[in-house]
There are 2 protein chains.
Amino acid sequence: MMPNTYQDTAEELIRKEGGRATGIRVKILALLLAQEQAVTHREIEARLIGQQPDRVTLYRVLQWLADKGLIHKITSDDRVWRFHVNHDAYLHQHAHFKCTRCAKVVCLDDLPTKRHLTLPAGYRFQSMELTVKGLCAQCV
Amino acid sequence: MMPNTYQDTAEELIRKEGGRATGIRVKILALLLAQEQAVTHREIEARLIGQQPDRVTLYRVLQWLADKGLIHKITSDDRVWRFHVNHDAYLHQHAHFKCTRCAKVVCLDDLPTKRHLTLPAGYRFQSMELTVKGLCAQCV
DNA sequence: CAATTCGCGCAACTTTGTTGCATTAGTAAA
DNA sequence: TTTACTAATGCAACAAAGTTGCGCGAATTG
Ligand SMILES: [Mn+2]
Ligand SMILES: [Mn+2]
Ligand SMILES: [Zn+2]
Ligand SMILES: [Zn+2]
């Protein structure tokens, strides 16, 4: 079960961003705070026991949390966003790992520096998105 | 305009893979052979002058070409596949560049080696997908 | 030319996400 | 506590990208 502290932390974080501490917002952020790995919209929906929010509301809450920098969105080759809380360690740019068997996504610590790749002449580097694929410890 | 050689090359490549050299298959592969950069399903549809194939057929032809290793599929954060021919230089793993202004996607030459990143204990590396974002020479 | 079957075209469906708008419920002020 | 304000929710409809099933036609083989 999720300890109350997650609810409290969530409420505090939302207020700090100047948003209304709605029941649903708090529940969603608290749930995300409790997740080790990145979760999809579907997974959040399924895990939100009791209060089942509207699909659209969930999308909007997730977008709001991402806009406020409380969580980050992860793109994947399965055309599904995954969401993960911005713990201090993940405020900077970082790579992601996706298990090719169970589809689990976790955040990695760092990102190779851009020195290691060369762009065509006249191209300007802005950022990079790196997803490592392989097998997680449970699937090896 | 597209020189005949593309049509001929396309037909030859398809036959070499044991498939029927259908009019549409040949046209699609010839078109892809002529493209410098990766193109979306939509773009292919629009550029197939004269013979406008069924959407589903286009999807299936592209999947078939990818399965046979004649082209490769590129994932992107806009949830749209892009397709590019497997020139000799692109048979190996490589990174991609996506322009944040015009959405152009080009294949880069190399990929940083996996030495430059560390996985959690027990995780097994299989491959990596790297997309560099920035501005292309035309958009800088 | 005839027989075989691969691949195409059509219709219907699915998944993921977005937009518009009326209603509800947090919040803060009275 | 009550009231007023408006941010946020819920519903319906829409949109884009891609998939599935199936009958028919055309590419290949002999
Ligand atoms: Mn992350
Ligand atoms: Mn490529
Ligand atoms: Zn796994
Ligand atoms: Zn550009």
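Biologist: At what distance does a polar side-chain atom of Arg55(A) lie from a base oxygen of DNA strand C?

Modeller: This is a predicted model, where local features need pLDDT of at least 70 and side-chain atom pairs pLDDT 80 or more, while totals for chains, interfaces and linings use all residues. Side-chain values use heavy atoms, without hydrogens or water, residues are numbered from 1 along each chain as written, and chains are lettered from A and ligands numbered from 1 in written order. A polar contact is a pair of N or O atoms within 3.5 Å (within protein, a donor with an acceptor, residues adjacent in sequence counting only through side-chain atoms). For a polar side-chain atom of Arg55(A) and a base oxygen of DNA strand C, the separation is 2.8 Å.

Biologist: Which residue of chain A has a side-chain polar atom 3.4 Å from the backbone oxygen of Arg55(A)?

Modeller: Arg55(A) is among the residues touched (heavy atoms within 4.5 Å) by a histidine that also reaches Leu58(A), Tyr59(A), Leu62(A), Trp81(A) and Phe83(A), leaving aside residues up to four places away in sequence. That histidine lies in helix 3 (residues 41-47) of chain A, a helix being a DSSP run of H or I with at least four residues. The polar side-chain atom 3.4 Å from the backbone oxygen of Arg55(A) belongs to His41(A).

Biologist: Is His41(A) buried or exposed?

Modeller: The C-alpha atom of His41(A) is 7.1 Å from that of Trp81(A), although 40 residues separate them along the chain. With a relative accessible area of 6%, where under 20% is buried, over 50% exposed and anything between partly exposed (1.4 Å probe, protein chains only), His41(A) is buried.

Biologist: What percentage of the atoms of DNA strand C within 4 Å of the protein belong to sugar or phosphate?

Modeller: Among the 22 residues around DNA strand C (a heavy atom within 4 Å), those that come nearest are Ala21(A), Trp81(A), Arg20(B), Arg25(B) and Arg60(B). Arginine side chains address both parts of the strand, since Arg15(A) places an N or O atom 2.8 Å from a phosphate oxygen, and Arg20(B) places one 2.7 Å from a base oxygen. Of the strand atoms within 4 Å of the protein, the rest belong to bases, and the sugar or phosphate share is 59%.

Biologist: Which geometry does the site of the zinc ion (ligand 4) have?

Modeller: Its donors (N, O and S atoms within 2.8 Å of the metal, or 3.2 Å for Na, K and Ca; water is absent, so sites may look incomplete) are the SG atoms of Cys99(B), Cys102(B), Cys136(B) and Cys139(B), at 2.2 to 2.5 Å. Along the sequence these residues are spaced C-x2-C-x33-C-x2-C, and both Cys136(B) and Cys139(B) are buried. The angles among the four donor atoms run from 100 to 118 degrees, and because four donors qualify when all angles lie between 85 and 135 degrees, the site is tetrahedral.

Biologist: How many residues apart in sequence are His96(B) and Cys107(B), which help to coordinate the manganese ion (ligand 2)?

Modeller: The manganese ion (ligand 2) is held at 2.0 to 2.5 Å by NE2 of His72(B), His94(B) and His96(B) and by SG of Cys107(B). Because His96(B) lies in strand 4 (residues 96-99) and Cys107(B) in strand 5 (residues 105-107) of chain B, a strand being a DSSP run of E with at least two residues, the pair ties together parts whose separation is 11 residues.

Conventions: Four donors count as tetrahedral if all angles lie between 85 and 135 degrees; four count as square planar and six as octahedral if opposite donors are over 155 degrees apart and all others between 65 and 115; anything else is irregular.
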